[in-house]
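Let us take a walk through this model together, with the structure open beside the text. We will begin with its enclosed spaces and work outward from there.

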Amino acid sequence: MTDTLYAPAGTPTTFTRPVDVNAYTSVVEMFEETNERFADQVAFTNFGQTLTYSEVDEKSRAVAAYLQTTLGLKKGDRVAIMVPNILAFPVVMFGILRAGLVQVNVNPLYTPRELKHQLNDADTNTIFVFSGSTDTLAEIIGETSIVNVIVANTGDASGAELPSPTTHEMFAEKYSVNDVIAHGAHLSFSAPDIRPADLIYLQYTGGTTGLSKGAALSHGNLIANLMQFEAAMDGVMQERGEIIITALPLYHIFALMVNCLTFYRFGARNVLITNPRDMPGFVAELKKWKFSVITGVNTLLNGLLHTPGFDQLDFNKYKFAMGGGSAIQRAISDKWKQVTGHHIIEGYGLSETSPVLTVNPFDSTEFSETVGQALPQTEIRLLDAEDNEVERGQAGELCARGPQIMQGYWRRPEATAAAMTADGFFRTGDVAIMDKHNNFKIVDRKKDMLLVSGFNVYPAEVEAVIAEVSGVVEVAVAGTSDERTGEAVKAFVVRNSEDVTPDRIREYCSKALAAYKVPKHVEFLDELPKSTVGKILRRELRDHS
């Protein structure tokens, strides 16, 4: 990023509202301006506790002062945060950013191996860790350069004592986030000069294909994507009074940019859901709010639809649900509309793109089965194996260029070079087509594509058809070896009715799909393997098959 306006030619889109991606020099500048405007508004809610914008401002400044003065961290140093959706997360995050540090987002459910790799790769000596994750840290801390450990308990930063998992004895005497806030409140703080090109997050990605890589995102990247996304919403959101439900983890870039940063600018109330896997508890929490917006992946939204009481919620103030991370299936969106009155708005992006590249119009009345159109100032090309642009309607790898594209993979110049075309487009690894309305349809991940008798089969297409079968709760498709066809299609199905049989699934598919796409094998499971974000892990199913 530079300090000048990034203005590419762009890809045809209906999102025409002007966008100044340099409206702020940093996320911190935006944050501090917002705190002044909405000082007395509630910013975050969790477990019945609240933080106003002024309280987030005050407490995050204390965290920043502690990191800068007591720990002696300097602008550009990396700080890991391994914390779920509790009030400590935004307070700590904004403290890290205000000190000019780079936040390393860490999944609290990581295994010791995954955690060790990420901490060492990021080259950090400081971590904020949830009490429930301290056993994992204790197992590998001696193999890392971590010196400073601050424990985040469930009620920290809220002013309330809430039940929290036991902290490993190794860290029992370490400072908590509450301690840091109390100590930092009496320390001086010198605000660093933060520019658009300075890094804000290391967002690790790609762990399913080997050791994960850190996508290096800058303040300019996040401000640009925030402004692009806001332009696409174009008047849908009002300042003050909006309530957004955040069940996706804040350590994931989707929730971090869309739920947290975007809606912070509107003075919205952000309801943090710590454990969305407890669906009855999740719905019980939703009953307390006349919410405007909810985000989620297909499995999360589907899970809500199958939870008693969800269809009885008050949707009078509801505006939209945004789905991402994996394809939203028509059957799910149709049922969602029956309950809420609106289809799910689907968008698309990656960790490397801050994350949003495309989205459907927010006033959509129909489900397009696409991920919509390119955001303003975003260029998208669909390329073949020789990097030639394919014709409209043909499948090609989606490659993107714009101000939201990462600076590169952290300390991996070769991986960065491999991910970019000669003219600076990022290779997403996703196969897509563009229709006559300039909408993009993600066909599938390149690595998930099956080759059946020489024909390409994209799992998402088959999954969408099977999901329409009454009694199917969830479905995932993967390939299995076959002597005759090379690969064969195998469907893994979660059902709530014994009427769902392999023959019934195959019969239904044969009416909608070419013969080579119809599942040769069907296996019923009690549940599908998922990531902590809720994405179905096809790789594990391939291994299983």
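Which residues line the largest cavity? Keep in mind as you look that this is a predicted model. The lining of the largest cavity is made up of His 343, Ile 344, Ile 345, Glu 346, Asn 360, Ser 364, Glu 366, Phe 367, Ser 368 and Thr 370. By character, these lining residues split into three nonpolar, five polar and two charged. The volume enclosed there is about 40 Å³.

How many cavities of 30 Å³ or more are there? The count is two, and the second largest holds about 30 Å³ of space. Around the second largest cavity you will find Ala 43, Phe 44, Tyr 53, Ile 244, Asn 259, Cys 260, Phe 263, Tyr 264, Ala 268, Arg 269 and Asn 270. Strand 1, helix 8 and strand 10 (269-272) are the elements that contribute two or more residues to this lining. The lining of the second largest cavity comprises eight nonpolar residues, two polar and one charged.

Helix 8 deserves a visit of its own, since with four residues it gives the most to the lining of the second largest cavity. This helix covers residues 253-265, 13 residues in all. From its first C-alpha to its last it reaches 17 Å, close to the 18 Å expected at 1.5 Å a residue. Is helix 8 largely enclosed or largely open to the outside? Of its 13 residues, 13 are buried, so helix 8 is largely enclosed by the rest of the structure. Just beyond, helix 8 is followed by Gly 267, which has a positive phi, near 70 degrees.

Now turn to the sheet. Seven strands come together in an open sheet, and their order is 6-5-3-4-7-8-18. The pairing within this sheet is mixed. At the edges are strand 6 (148-152) and strand 18 (408-409), each of which pairs on one side only. Within the sheet, strand 7 (residues 199-205) and strand 8 (residues 213-218) run antiparallel and are joined by six bridges. If you would like a place to look along this pair, find Gln 203, which stands opposite Ala 215 in strand 8.

Finally, a few loops repay a closer look at the backbone. Most residues other than glycine have a negative phi, and most peptide bonds are trans. Against that background, Phe 47 stands out with a positive phi, near 50 degrees. You will find Phe 47 in the loop between strand 1 (42-46) and strand 2 (49-52). Its relative accessible area is 49%, so Phe 47 counts as partly exposed.

Asp 123 also has a positive phi, in this case near 55 degrees. The loop that holds Asp 123 runs between helix 4 (112-122) and strand 5 (126-130), and strand 5 is one of the strands of the open sheet. With 36% relative accessibility, Asp 123 is partly exposed.

Where is Pro 355 found? Look in the loop between strand 13 (345-349) and strand 14 (356-359). There, a cis peptide bond joins Ser 354 and Pro 355, with omega about 0 degrees. Strand 13 also brings us back to where we started: Ile 345 and Glu 346, which fall within its range, are among the residues lining the largest cavity.

How values were computed: Residues are numbered from 1 along each chain as its sequence is written. This is a predicted model: local features need pLDDT of at least 70, side-chain atom pairs count only at pLDDT 80 or more; totals for chains, interfaces and linings use all residues. Side-chain values use heavy atoms; hydrogens and water are left out. The expected span of a helix is 1.5 Å times one less than its number of residues. Buried means under 20% relative accessible area, exposed over 50%, partly exposed in between (1.4 Å probe, protein chains only). Two strands pair if DSSP finds at least two bridges between them. On a 1 Å grid over the protein atoms alone, a cavity is a set of points where a 1.4 Å probe fits but cannot get out, and a pocket is an open set with protein on both sides within 12 Å along at least five of seven lines; lining residues have an atom within 4 Å of a point. Grid points are joined across faces, edges and corners, and a volume is the space filled by probe spheres set on the points. Ala, Val, Leu, Ile, Met, Phe, Trp, Tyr, Cys and Pro count as nonpolar, Asp, Glu, Lys and Arg as charged, and the others, Gly among them, as polar.
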